[in-house]
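This report describes the aromatic ring contacts of one structure, together with the charged groups that sit over rings.

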Amino acid sequence: MWIVLRPSKSYAVIVDRHLRGGPDTAEGGWPSQGCQRRPARRRAKERAPDRDPRPDADRSGSRDACLPTSARVASATPRFNGASVIEGGRTERIWPMTTLTVKAGPVRSGPSARLAAFLGLYTATIFLSALLLFGIQPMFTKMVLPVLGGSPSVWSVAMVVFQALLLLGYAYAHALVRYCPLRIAAAVHVLVMVGAFAALPIQFAAGWGKPPADGEAVWLLGLFLASVGLPFFALSANGPLLQAWFARSGHPQAGDPYFLYGASNIGSFLALIAYPLAVEPFVSLQDQSRAWTFGFAGLAAVIALCATTATRMAAGTDRSTRIPLLATTPASAGALWRERLAWVALAFVPSGLLVAVTAHISTDVAAAPLLWVVPLALFLLTFVLAFRDRMAPSQLVLSGLQVIGTALALFPMISATSLFVGLALHLGLFFVNAMICHGALYQRRPAAGRLTEFYLCLSFGGMLGGIFCALVAPRLFSTVLEYPILLVVALACRPDLAALSRTSLRDGRRRIVLAATLLAAGSAVTVSMLPASALVFGLLALIALMIARWRKPLVVALAGLTLAVSTAHLQRSASETTAFRSFFGIHKLSMSSDGRFRMLNHGTTLHGAMRVTSDDGTPFLGRPEPVTYYGMDGAMGTAIAASRASHGGRLGAVTVVGLGAGSLACHAVPGEAWTFLEIDPEVVRIASDPTLFRFLGSCAPQARIVVGDARLTLAEQTGANALIVVDAFSSDAIPSHLLTREALGLYVSKLERDGVIVIHISNHHLELRHILARAAADSGLVTYVRDDSGRTFSQSTFIAPSVVVAMARTDGDLEALHRRGDWTKVIPDNRRTPWSDDFSNIVEAMVDKVRR
C-alpha cells in the first residue's frame with residue numbers, strides 16, 4: 001500500500017509500505033525507490049486534483065523523511081495538512097491530517113485469526129451491553145406504570161432519567177480513561193460491574209409507595225434512581241470504555257474505533273423492537289428480570305475478558321503506536337470549548353426532537369399503541385447510518401428534504417391531512433433531522449484519544465434536550481410548542497450553515513440576531529393585522545422561498561423562523577381552543593362547530609361535552625344533560641340504570657375511576673354517595689370550574705373527589721360499593737394496569753355481593769372485551785358487553801357510540817341488561833393468558849381489533 005504524505009512546503013514523501021524483503025525494498029527494510037524528492041511546482045501539478053480545499057490550512061514548513069518498509073505510524077502532531085491513501089488504483093482522502101512520527105516494527109499483512117477474534121469479542125460485548133441497556137428501560141418503566149396511571153409522561157420522564165444516568169456513566173468512563181492506566185481502569189470497572197450485580201434483580205425499590213398529588217416527576221426520578229440507578233450506570237459506561245480500550249490495544253483498526261458505535265446502536269435498536277413484539281407478549285416481568293440478571297452476569301464476565309485481552313495486546317505494543325491519526329486537539333482553549341459546544345448542540349436537537357415529535361404525534365396526530373417506539377427506533381437507526389465514512393443519503397440530499405419537510409410541517413393547513421400523511425411527514429422529517437445532526441457529529445469526531453470526551457458531550461447534549469422537552473416545556477407552554485421551535489433550530493444544524501458561521505458570519509452575528517428578532521416581531525404584528533386569507537398566501541410564499549433557496553442555509557433558517565412565528569400566531573388567533581398542560585398530557589377546551597357544546601379533549605380523544613346554548617341560540621341554563629359516551633340511553637347510562645334497578649331503585653356507594661368533564665355525575669340520584677378518583681389535578685380543576693362545566697355543581701355537589709392513582713386510592717377505601725365505574729382513558733389509551741387480574745381482584749374486594757363493575761373500553765386501536773373476560777373469569781365474574789361502535793356520531797344530539805363491558809358475580813346480577821337484547825355475554829377464552837401486573841400483551845389486543 002502507498003501512503004502519500006503531504007508536507008506543507010517543498011517536497012512530497014512517498015512511502016512504499018510492503019512487507020520486509022518485498023520487491024521494492026532494500027536490505028534492512030529501507031525502501032530502495034520509495035523515498036523521492038520532487039520540486040514543489042512539479043508536485044503541485046501532479047496532485048492538483050487532490051489539492052487540500054481548506055482555506056485556512058497550515059502552510060508551515062516541514063522536513064522530508066524516508067521511512068523503512070516495516071514502518072508503523074507512532075504519533076501525530078499538527079504539521080501536515082492532508083494525506084491520500086492509494087491502494088488498488090483507488091485514492092481516499094484522510095484529513096485533517098498530521099505530521100507522523102514513525103517507529104520501526106513489524107507490519108501486519110492482514111488480520112490474523114487472533115486479531116479477528118479480538119475484534120469479534122469487542123463487537124459482541126458492545127452489542128450485548130447495548131441490548132441489556134435498552135432492555136431494562138421498557139421493562140422497568142412497565143413496572144412503574146401501575147403507580148402513575150400509564151401516562152405517556154411516564155415514558156418522557158423515564159427517558160430523561162436514563163439520559164442523566166447515561167451522562168454519569170460517560171463521565172465516569174471519561175475519568176477512567178483520562179486518569180487511570182488501562183490495567184487499573186479495567187480492574188475498577190470490573191468491580192463496579194460486580195457491585196451493580198449485587199443490586200439485582202430489577203424490581204420496585206422498597207419504601208416507594210404512593211406518589212404525591214403534586215410533583216410526580218420528581219418522585220418518579222427518585223424511584224428510577226433507587227431501583228435501577230446502579231445497574232444502568234454500570235452498563236452506560238461500557239460503550240465508551242470498551243471503545244477506548246480498543247483504541248489502546250494496538251489493533252490495526254484501533255486508530256478509528258467509532259465503527260463500534262454502530263454495533264452498540266444495532267443492539268439498542270434490536271432491544272427496542274424486540275421488547276413489544278417478542279418479549280412483552282410472551283415473557284412475564286418476573287421472568288424478564290431473571291433473564292436480564294443472567295445476561296448481566298454474562299456481560300460482566302465478558303467485560304473482564306475484554307479488559308484482560310486489551311491489556312495484554314497493549315503491553316505488546318509500543319505506547320506511541322496507539323495514538324490515532326484523525327484529528328488533533330484545537331490549538332486554543334477557545335477553539336476547544338467551541339468544538340465541545342458544537343457537539344453538545346448537535347446532540348441536543350435530535351434528542352429534544354425525539355421527545356417533542358412523540359408528544360406532537362400522540363397529541364395532535366394519533367394516539368396509537370406502540371407509537372412511541374417508532375421515533376426512538378428511527379433515532380437509533382440514524383446513529384447506525386450516520387456513524388460511517390460514506391453516509392447515505394448524502395448531506396446534500398438530506399438538506400433538501402429537510403427544507404421541504406420543515407416547510408410543510410410548519411404550515412398550519414397540513415394538520416387537516418390524513419393520518420397516514422401526517423405520520424409520514426413528521427416521522428420522516430424527524431429521521432432527516434436526526435441524520436443531519438448525527439452525520440455532522442461524525443464529521444466532527446475527534447481522535448480516539450478524545451473519544452470518551454466526545455461521547456460525554458453527546459450524552460450531555462442529549463440529556464439537556466430530553467430535560468427541555470419532558471420537564472421544562474410542559475411548564476412553559478400550554479401546547480407542544482417546543483416541536484416547531486426545535487424544527488427551526490434543526491435548520492441551523494446543516495453543515496453548510498455551520499461552515500458559514502465559522503467564516504463569513506463571524507463578524508455578522510449581531511446583524512443576524514437583529515434580523516431574526518425583527519422578522520419574528522414583524523411576523524407577529526402582521527398576523528394580527530392582516531386577514532386570514534392574505535396570511536395564508538403569505539405563508540405559502542414563505543414556503544416557496546424556503547424551497548427555492550434551499551441551498552442558502554441562512555435564508556432558509558430565517559424564513560423558517562418567520563414561518564414558525566406566523567403559524568403560531570395564526571393558529572392562536574384563528575382558534576377558539578384553550579389548552580391546559582399537565583404532567584399527564586394536554587387538555588383542550590373548544591366549542592363545537594355549531595356553537596352549542598363546549599368540549600374537553602385529551603390528545604385526540606373527546607373526553608366530555610356540555611351544552612352551553614339552546615337550539616335557538618340562547619344560553620342553556622338548565623340541568624346539564626350527559627352527552628357523548630354518557631347519554632342516558634347509551635351503554636354507560638343503561639348499565640348504571642340496570643345496576644340501580646337491581647338494588648331497588650337506589651345505589652349506595654358508587655366509585656367512578658376517571659373524572660373527565662364530570663358527565664357521569666348527572667347519572668347520580670339523591671341519596672347516593674358518589675366518589676370520583678382522578679389522577680390529574682388539572683382535570684379536577686377543569687371539571688370543578690362552573691364557568692367551564694356544571695356537571696358536578698348541578699348534579700352531584702356532595703360528590704367526593706380523590707386525587708391519585710385509582711388502584712392506590714381505591715385500596716385505601718373502607719366499605720363496599722354497589723357500583724364501580726372505570727372510565728379512565730388517557731387520550732386514546734386505556735391504562736392497562738386497570739384491566740389486569742390484580743386490578744379486577746381489587747374491584748371485587750371493594751364490591752358488594754350483588755355489585756356491578758362497568759368499564760368503558762371504547763378505543764380506535766385495541767379490542768379489550770376478550771382480554772377483560774379472561775381476567776374476570778379468574779376473579780369469578782361474568783362479563784357482558786354492549787358495542788355501539790357501528791353507529792355514527794350524532795351532531796344533533798351529540799351522542800357518540802361507545803363500547804362498554806359490565807361484570808358481576810352472577811348472571812342474575814346483570815339480568816336487567818341481558819333482557820334488553822343489546823347486551824351480549826362474552827365467553828372467556830381459557831387458552832389466553834390473562835393480563836396481570838406481571839404480564840400484558842398489547843399486540844394481542846391490536847390483533848383482536850383487526851379481526852373485528
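## A tilted pair between two helices

In this predicted model, Tyr 261 is buried, with a relative accessible area of 9%. Its partner Tyr 455 is also buried, at 1% relative accessibility.

Across the whole structure, a search finds 27 aromatic pairs. One of them joins Tyr 261 and Tyr 455, whose ring centres are 4.9 Å apart with 35° between the planes. This pair counts as tilted, because the angle falls neither under 30 degrees, as stacking requires, nor over 60, as edge-to-face requires. Tyr 261 belongs to helix 7 (residues 260–279) and Tyr 455 to helix 13 (residues 451–476), so the contact ties together parts that are 194 residues apart in sequence.

## A second tilted pair

Trp 674 and Phe 676 form another tilted pair, with ring centres 6.3 Å apart and planes at 40°. Trp 674 is buried at a relative accessible area of 4%, and Phe 676 is buried at 1%.

## The ring cluster

Tyr 261 and Tyr 455 are also members of a cluster linked by ring pairs. The cluster further contains Tyr 170, Tyr 258, Trp 343, Phe 379, Phe 383, Phe 387, Tyr 442 and Phe 454.

## Charges over rings

One cluster member, Tyr 442, has Arg 445 over its face, at 3.9 Å from the ring centre. Elsewhere, the charged end of Arg 685 sits over the ring of Phe 580, 4.6 Å from the centre of that ring.

Methods
Residues are numbered from 1 along each chain as its sequence is written. This is a predicted model: local features need pLDDT of at least 70, side-chain atom pairs count only at pLDDT 80 or more; totals for chains, interfaces and linings use all residues. Side-chain values use heavy atoms; hydrogens and water are left out. Rings of Phe, Tyr and Trp (its six-membered ring) pair if their centres lie within 6.5 Å; planes under 30 degrees apart count as stacked, over 60 as edge-to-face and the rest as tilted. Helices (H or I, at least four residues) and strands (E, at least two) are DSSP runs, numbered from the N terminus. Buried means under 20% relative accessible area, exposed over 50%, partly exposed in between (1.4 Å probe, protein chains only). A charge sits over a ring if NZ of Lys or CZ of Arg is within 6 Å of the ring centre and within 35 degrees of the ring normal.
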